[in-house]
Amino acid sequence: MVWPIDLAILTLVVITSIGALMVKDLLGAAILFGAYSFMMCLLWTVMGAVDVAFTEASVGAGVSTVFFVAAVFRTSRRTKD
Amino acid sequence: MKIIGLIVAILVGALLVYAAADFPAWSDPASPASTYLSPHFIEKTMEETSVPNIVTAVLADYRGFDTMFETTVIFSAGMAVFLLLRTFRREEPEARHYRHVLTGVTLRVKEGGELPPSDDFERIDSLWTPHDLIIKTVCRLLIPFIQLFALYVIAHGHHSPGGGFQGGVILGASIILLAISQDLRTAVKRMAEKLDALLCSVGVLIYAGTGALCLLLGLNFLDYSALASVLHVDSIMARSHGILIVEIGVGIAVMCTMIWIYNNVSSGGKYNQGL
């Protein structure tokens, strides 16, 4: 592992995960969750688990974000708390 | 209540960090995981199954039973979404929206109403925004290449990262992209609901059927070397081909489940209009 890349990705993972929890706009949270998944995908690539990274990129960052957006579209966009 | 939740979360997180300190160092060759089964897979996979990608061989052959139920989980997820969301009875009479292509005039036709006799009307969603030419054209050009890449990922899973799961998800995503860039009805026209549900279970059936075939041919469930007599190859190549058959089953099941879930979620179970 190359530590500057690792540090940058891990920082972004923490930022996006906290952001996805804090944001009031559910659509924004869905997009942040997609970004989080993509950062996890990069992290796995750095660690050499390419198959897992591929799955994360297609399932986590790709399709599940679309599912979240579709679900937000069918409910309300703002959370109460 | 929120403060209690925060405290619990911090405590569990601290416990996790404390426990993580006991992990062996990353890529430590002396760690328990690297000394127990991994050496066997690394040394023997190529001569036992002739599959260069060890991950694929472990997933679909050595731990084929595990992957079979993973596929079943995906199938059950699609089934659950279908059973929860799909509605066949309409509460209020449905109004359809039509747009005259040449003039841009929008008509709202109530249940039982009729359109003026003309071919220039296209049906639109109730929350319709003008179609963007660039998005429509780019998506139409890209979708065949996405599907081709997905087929490559499934077929080339023996040699490179990828396999049934990833390829199936990419195939499903290409149809979902069609549904987003055009509308849901266009995508459903290409991939009808019944066909989708049928293929979903066919994928799982291919996987379980391959296992059962091995059982019928006299070996253990999912021991693909039994397929040697059916495929007319030696038992090592039979394991390689068995993995490919199973991956195709996984790909079909995952593709259809993704489309199924998307259609049900985005249309709220009504299948009339999507995102």
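The largest cavity holds about 30 Å³ of space, and the structure has one cavity of 30 Å³ or more. This is a predicted model, in which local features need pLDDT of at least 70, side-chain atom pairs count only at pLDDT 80 or more, and totals for chains, interfaces and linings use all residues; side-chain values use heavy atoms, with hydrogens and water left out. Residues are numbered from 1 along each chain as its sequence is written, while chains are lettered from A and ligands numbered from 1 in the order in which they are written.

**Cavity and pocket**

- On a 1 Å grid over the protein atoms alone, a cavity is a set of points where a 1.4 Å probe fits but cannot get out, and a pocket is an open set with protein on both sides within 12 Å along at least five of seven lines; lining residues have an atom within 4 Å of a point.
- Grid points are joined across faces, edges and corners, and a volume is the space filled by probe spheres set on those points.
- The largest cavity is lined by Ile175(B), Ile176(B), Ala179(B), Ala187(B), Val188(B), Met191(B), Ile259(B), Tyr262(B) and Asn263(B).
- H7, H8 and H11 of chain B each put at least two residues into that lining; helices (H or I, at least four residues) and strands (E, at least two) are DSSP runs, numbered from the N terminus.
- By type, the cavity lining splits into eight nonpolar, one polar and no charged residues (nonpolar: Ala, Val, Leu, Ile, Met, Phe, Trp, Tyr, Cys and Pro; charged: Asp, Glu, Lys and Arg; polar: the others, Gly among them).
- The second largest pocket has about 450 Å³ of space, and among its 21 lining residues Leu127(B), Thr129(B), Ile180(B), Gln182(B) and Leu275(B) lie nearest the centre.
- Both chains feed that pocket's lining: helix H3 (50-74) of chain A, plus helix H6 (133-155) and helix H7 (164-181) of chain B, give two or more residues.
- The pocket lining is a mix of eight nonpolar, seven polar and six charged residues.

**Nonpolar cores**

- A nonpolar core is a set of buried Ala, Val, Leu, Ile, Met, Phe, Trp, Tyr and Cys residues joined through side-chain atoms within 4.5 Å, where buried means under 20% relative accessible area (1.4 Å probe, protein chains only).
- In the largest core, which has 52 residues, Phe67(A), Tyr207(B), Tyr224(B), Val254(B) and Tyr262(B) touch the most other members.
- H11(B) is the top contributor to this core, with 14 residues.
- Beyond its neighbours within four places in sequence, Val254(B) is in contact (heavy atoms within 4.5 Å) with Ile74(B), Phe165(B), Gly168(B) and Val169(B).
- A second, separate core of five residues includes Val13(A), Met39(A), Met40(A) and Leu43(A).

**Val246(B)**

- Val246(B) sits in helix H11 of chain B and is buried, at a relative accessible area of 1%.
- Leaving aside neighbours within four places in sequence, Val246(B) is in contact with Ala60(B), Tyr207(B), Thr210(B) and Tyr224(B).
- Leu199(B) is 47 residues from Val246(B) in sequence and 14 Å away in space, C-alpha to C-alpha.

**Chain A**

- Chain A has three helices and zero strands, and its C-alpha trace spans about 40 × 20 × 10 Å along its principal axes.
- Of the 81 residues in chain A, 33% are buried.
- Chain A averages a pLDDT (the predictor's confidence in each residue, from 0 to 100) of 90, and 98% of its residues score at least 70.

Key. Buried means under 20% relative accessible area, exposed over 50%, partly exposed in between (1.4 Å probe, protein chains only).
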